[in-house]
Amino acid sequence: MAVLVIADHDNASLKDSTHKTVTAALAVSGEVDVLVAGQEAKAAADAAAKISGVRKVLLAESAELGQGLAEAFEALVVPLMGSYEALLTPATAQGKNLSPRIAAKLDVSQISDIVQVVDANTFVRPIYAGNALETVQSSEAKKVVTVRPTAFKAAGEGGSAAVETAAAPAAPAKTRFVSQELVKSARPELTGAKIVVSGGRALGSAEEFQRVIEPLADKLGAAVGASRAAVDAGYAPNDYQVGQTGKVVAPELYVAVGISGAIQHLAGMKDSKVIVAINKDPDAPIFQVADYGLVADYKSAVPELMSALG
Amino acid sequence: MKVLVPVKRVIDYNVKARVKADQSGVDLANVKMSMNPFDEISVEEAVRLKEKGVASEIVAVSVGPTQAQETLRTALAMGADRAILVNAESADLEPLAVAKVLKAVVAEESPEVVIIGKQAIDGDNNAVGQMLAALLDWPQATFASAVEIGGGKAKVSREVDGGLQTLEVDLPAVITVDLRLNEPRYASLPNIMKAKKKPLDVKELASLGVDAAPRLKVVKVTEPAKRAGGIKVESAADLVLKLKNEAGVL
């Protein structure tokens, strides 16, 4: 059976989550094709062709695909699924936006946010904010699956798959792109970073968040994250949010500063290899998952940490 | 303009779910249940649209057990005008089935917009809104952090991977809401009392003629591996030494 993977990319380059989703796809089948849908996305398609194990790359281009409109993806992918038994998409905001729409059009259930492929029909996925793992088996003719990228290793490079063009269908008329404001950052991407430094409500203001968290992140070469409380309070932008409903991260090192450790936050970071928590409340739940806890006020602890790092 | 707001009764967001010993699911006996937090945000948004004079009627709908009537009463106390329970006592419905039920409710109610939470905090699927939009062939605007409705259109700011995106969709449409859209109100006591008198219709799932049979078999539900207990360090300097020498991550 053949599997189609929808690539996560920014037209110019391919995101690491694509390589990780290919790994999950290769556990389902040896016949894995990658769909790169975007605008002027040849560079991303060429990068996908180099992923080891990929059979073929499909490149489809239109303005609406470049804008990521779910309706445009539906019109493109549903007919393509005549040739595939499974569709795997990274469980990013974009993947979560478009994959259920395609599943419903195919009249199949979606298996969301998988963390393990048991066999071609059986998958493990977290439920209840990761407090339980559900193993589900599908007997449907087609499987539509979203993949939690942090749960899979990235597929290597070294492939040389052919890139074929797939015709992009007519634009959806009822949805129009207005504008986009993307946060520009020189820091590593949050979901793929080796080190993540996150700040919580204790920081108290956006100015303090920038003054304390960002220099520590830069010293460590880390990405910056935030708790939901910090994002809700406006201390950090929405795409910094780590948690059940934000981004899920699993870096080598996760440093939580002034984060109490609500259930929904732990759901987004508890698979990190090493967790450090700095909090002045010794009873904060974050210490229950931390490998190294420092009970201290961040105001003194972070400057000390900066100087100890040299 | 009529707004349909689906709401789900779920485990309270402050309660840690516990897996049953026989691995058949999560133990919900004697556990505090509440309205899914994202659905509170969608009810709040609908009520604000009514307060602004944009919406004329708000219909809350839930697909679930009899007890979901409590959740619907909460929606009524927040400001919904009437409620519909689609009684699905025995069924643990998958998102596709819920979307099909909601499609049948949309056919009866003809709302111009469906405002729904982006995900329920029990199944964590993040799928029903998108599936409903697909089944209706309506446009979708997911993960909304700002909504403006007027002139038969909705302008929606969405939380996307790298920041924010703004889309305009023709109505009717499905909007799924994210955390930053608004801060839901608490229902006042007089409004809770008034909500008891608002109409709440109960329909049986079977009466809708929808195929709600599960497509997936749950093999087992298990607890995730626990993290080994950590240690407390005395100082930032001690922490750096341990991260370098013991953990090897610096």
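Author: A nonpolar core is a set of buried Ala, Val, Leu, Ile, Met, Phe, Trp, Tyr and Cys residues joined through C-beta atoms within 7 Å. What you have above is a predicted model, where local features need pLDDT of at least 70 and side-chain atom pairs count only at pLDDT 80 or more, while totals for chains, interfaces and linings use all residues. Residues are numbered from 1 along each chain as its sequence is written, with chains lettered from A and ligands numbered from 1 in the order in which they are written.

Reader: Which residues touch the most other members of the largest nonpolar core?

Author: A:Val5, A:Val36, A:Ala48, B:Val5, B:Ala60 and B:Ile175 do, out of 132 residues in that core. The largest share comes from α3(B), with eight residues. Apart from this core lies another of 66 residues, among them A:Ala230 and A:Tyr254.

Reader: What is B:Ala60 in contact with, its neighbours within four places left aside?

Author: Contact is a C-beta affair (atoms placed from the backbone, within 7 Å). B:Ala60 has such contacts with B:Val5, B:Val7, B:Val43, B:Leu72, B:Ala75, B:Leu76, B:Ala80 and B:Ala83.

Reader: Why is α2 of chain B called mostly covered?

Author: Buried takes 20 or more other C-beta atoms within 10 Å of a residue's own (12 or fewer is exposed, in between is partly exposed, C-beta atoms again placed from the backbone). Nine of the 11 residues in α2(B), which runs over 68–78, are buried; they include B:Leu72, B:Ala75 and B:Leu76, and those three are also contacts of B:Ala60. Just after the helix, B:Gly79 takes a positive phi of about 140 degrees.

Reader: What makes something a helix or strand in chain B, and how many are there?

Author: They are DSSP runs, numbered from the N terminus: H or I over at least four residues for helices, E over at least two for strands. By that count chain B has six helices and 13 strands.

Reader: How many residues of chain B are in contact with chain A, and which element gives the most to that side?

Author: There are 66 of them, facing 71 residues of chain A. The elements that each supply at least two include α3 (95–109), β8 (153–160) and α6 (236–245) of chain B, but β9(B) gives the most, with eight residues.

Reader: How do you know that β11 of chain A is joined to β9(B)?

Author: Pairing asks for at least two DSSP bridges between two strands, and here there are seven, so β11(A) (175–182) and β9(B) count as paired, in the antiparallel sense. A:Gln180, for one, stands opposite B:Gln165.

Reader: Why is the sheet of six strands called open?

Author: The order is β13(A)-β12(A)-β14(A)-β15(A)-β16(A)-β13(B), with parallel pairing. The edge strands, β13 (223–226) of chain A and β13 of chain B, each pair on one side only. At the chain A edge, β12(A) and β13(A) share four bridges, with A:Val197 and A:Val224 as bridge partners.

Reader: What angle does α6(B) make with β16(A)?

Author: About 175 degrees, with α6(B) lying across β15 and β16 of chain A together with β13 of chain B. Axes are lines fitted to C-alpha atoms (for helices over the stretch in contact), and angles run from 0 to 180 degrees between N-to-C directions, so about 175 degrees means the two run in nearly opposite directions.

Reader: What average pLDDT does chain B have?

Author: The average is 95, and 99% of residues score at least 70, on a scale of the predictor's confidence in each residue from 0 to 100. The model scores ipTM 0.95 and pTM 0.95.
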